Amino acid sequence: MDMDKLVSLCKRRGFIFPSSEIYGGINGFWDYGPLGVELKRNVKEAWWHDHVTSRDDMVGLDCSIIMNPKVWEASGHLGGFSDPMIDCRACKGRFRADQATAVVFALGSAEDPASKPRFFVVGGIGDRDDVLKANEKGIEKAKKANKTAAWPETSETIRLDDATIADDRYALIPCPACGQAGTITRPRSFNLMFKTYVGALEDDSSVAYLRPETAQGIFANFKNVVDTGRVKLPFGIAQTGKSFRNEINPRNFTFRSREFEQMEIEFFCRPDEAQEWYQYWRDYRFKWYTGLGLRSDRLRLRDHDSAELAFYSTATADIEYAFPFGVSELEGIAHRGDYDLSRHQQFSGKDLSYFDEERKERFIPHVIEPSAGADRAALAFLCEAFVEDEIGGEPRTVLKFHPRLAPVKAAVFPLVKRDGMPEIAQKIVADLKRKKINAFYDEKGAIGRRYRRQDEAGTPFCVTVDGQTLVDQTVTIRDRDSSKQRRVAVDSIVAAVDDLVDGVETFTTD
Ligand code: ATP
């Protein structure tokens, strides 16, 4: 699938626009248009329903974005939430050192081992294969130009966050963007939190931060929820909301943004039951995505190896999706032990232990954290849904969203604008809306074009009022994916659409 086509469809049909576009936009920020806002709301509502309102071991929270800065001291974000960053003095580009690679070829030394070796160096963003591929032409040219020198098959791969690279070697590395050598700085730590000031004074005492994750608000409220919520272990606290990270390289459309929404759960349990709950959430979260239409062969559960694990975590897994730009993280599920509550207990001086009535024991609960991004999930659902196929020999673009996620559930058309057909169609739209089913009325253009427009918007069902409606009070209902149609009595159309969207019924023809 071509990402550019999806980005252009999103713009053209009002799913996602660059933020403040009339002023040239702002890198890493996006706005959701009329269809996009419905899609993202449906993602969040499906998540909230499936994890909070349909369960009896979960409660919700909605915390403020700006919190006491001590929260970020305790969580470790003030000290450690940073990426190594390199700058190019020439083109002013800024890159994450841990995502940049250089490949160093030694020239000449093989022919004359006594001579000082010369080097040919290529660089770029990505791993060794990405860099070799991006520099194919330059490498070929250098091979030809150095035909007298043996071209060693071996070459050295350098990750730019490696602090042990010698200065003379580092000076040879080209900037991943402009290609000039000797212009990039050494990696420097860059804190990803957005800083602001609270109150009239802009001094050190008024510094605050926009939250980089929603999770810490949950830990900070753990005691409040236990004291007031009549909750008993094991239980979870869920929160959705905006988070902010001053990402060095926002990219891949909304995948890496500077302002985004998270859907996070902290699931508190007894220490000896935590491993079981970790497995539970790892599987449950994977199935949530497949249940809403992501194909399991495009999804992967990747366990972190010991080098990748945070020091307090005994196990972490990422759910990854094969986006068109590569397999990338959708969500992380981490077994965080008692790290967070212990840290907040230490920094706040408040007792955050829990008394287990059944076992007559007091302890700090362990926590399993499934942490997902609403924008990344919406992007994965968009990528999965995007299909170019043919209907009756005609090419079409269609977004095959799961009906629960589709922005509009049903579009209703009068075949022609006369004989009372518009009135019947408008009444069906009003009836659907009264049942909280998002419906759309369209009377413009040929019926085939109206179907195509709804296919592109991802609307799963189209209802058409035609001549036969006036005779026998039935309408057609058309299925987006198969483009098949059947007739349904006007009286039962709302119930029929409701059942199809809910998945109680699947589409069949007469
Ligand atoms: P990455 O390695 O991609 O930066 P992360 O491991 O830092 O992500 P977490 O801190 O675990 O991410 O955040 C949990 C979830 O929040 C991610 O799985 C992702 O869905 C979402 N998320 C994190 N950063 C961003 C971002 N910059 N833009 C959009 N979503 C994000």
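**View 1. β16 gives the largest share of the shell around the ligand, four residues.** Welcome to the first close-up of this predicted model, which starts at the ligand. Two or more residues of the surrounding shell come from each of three elements: β13 (259-269), β16 (326-337) and β19 (366-373). In all, 15 residues stand around the ligand, and those that come nearest are E247, R256, S257, E329 and L330. By character, six residues of the shell are charged, five are polar and four are nonpolar.

**View 2. Backbone atoms of S257, L330 and G373 meet polar atoms of the ligand.** Take S257 to begin with: one of its backbone N or O atoms is 2.8 Å from a nitrogen atom of the ligand. At L330, a backbone N or O atom lies 2.8 Å from a ligand oxygen atom. G373 also takes part, with a polar backbone atom 3.0 Å from an oxygen atom of the ligand. On its own the ligand has 590 Å² of accessible area, and the protein covers 80% of that.

**View 3. D57 sits in the loop between α2 (34-53) and β3 (58-60).** Here we turn to a single acidic side chain. D57 has a relative accessible area of 18%, under the 20% cut-off, and therefore counts as buried. Its side chain makes a polar contact of 2.8 Å with the side chain of R55. Beyond its neighbours within four places in sequence, D57 is in contact with P234, F235, G236, F267 and W277.

**View 4. L233 and P234 are joined by a cis peptide bond.** The omega angle of this bond is about -5°. P234 belongs to the loop between α9 (222-228) and β12 (235-244). Readers coming from the previous view will recognise P234 as one of the residues in contact with D57.

**View 5. N252 and K360 are two non-glycine residues with positive phi.** N252 has a phi near 55° and is found in the loop between β12 and β13. K360, with a phi of about 55°, lies in the loop between β17 (354-356) and β18 (361-363). How exposed is each of these residues? N252 has 28% relative accessibility, which lies between the 20% and 50% cut-offs, so N252 counts as partly exposed. K360 reaches 59%, over the 50% cut-off, and K360 therefore counts as exposed.

**View 6. Helix α14 spans residues 447-457 and holds several buried residues.** The buried positions are R450, Y451, Q454, D455, E456 and A457. As a reading aid, an α-helix has 3.6 residues a turn, so residues three or four places apart point the same way. Just after α14 comes G458, which takes a positive phi of about 85°.

**View 7. The chain is divided into three domains.** To place the close-ups in context, here is the wider layout. Domain 1 is made of two segments, 3-68 and 206-382. Domain 2 covers 82-190, and domain 3 covers 408-502. The C-alpha centres of domain 2 and domain 3 are 60 Å apart.

Key:
Residues numbered from 1 in each chain as written. Predicted model: local features only at pLDDT ≥ 70, side-chain atom pairs only at ≥ 80, totals over all residues. Heavy atoms only, no water. Near = heavy atom within 4 Å. Polar contact = N/O pair within 3.5 Å; in protein donor to acceptor, adjacent residues only side chain to side chain. Areas by Shrake-Rupley, 256 points an atom, 1.4 Å probe, with all protein chains shown as cover. Nonpolar A, V, L, I, M, F, W, Y, C, P; charged D, E, K, R; others polar. Buried < 20%, exposed > 50% of the residue type's maximum accessible area, 1.4 Å probe, protein only. Contact = heavy atoms within 4.5 Å. Domains from an automatic or database assignment.
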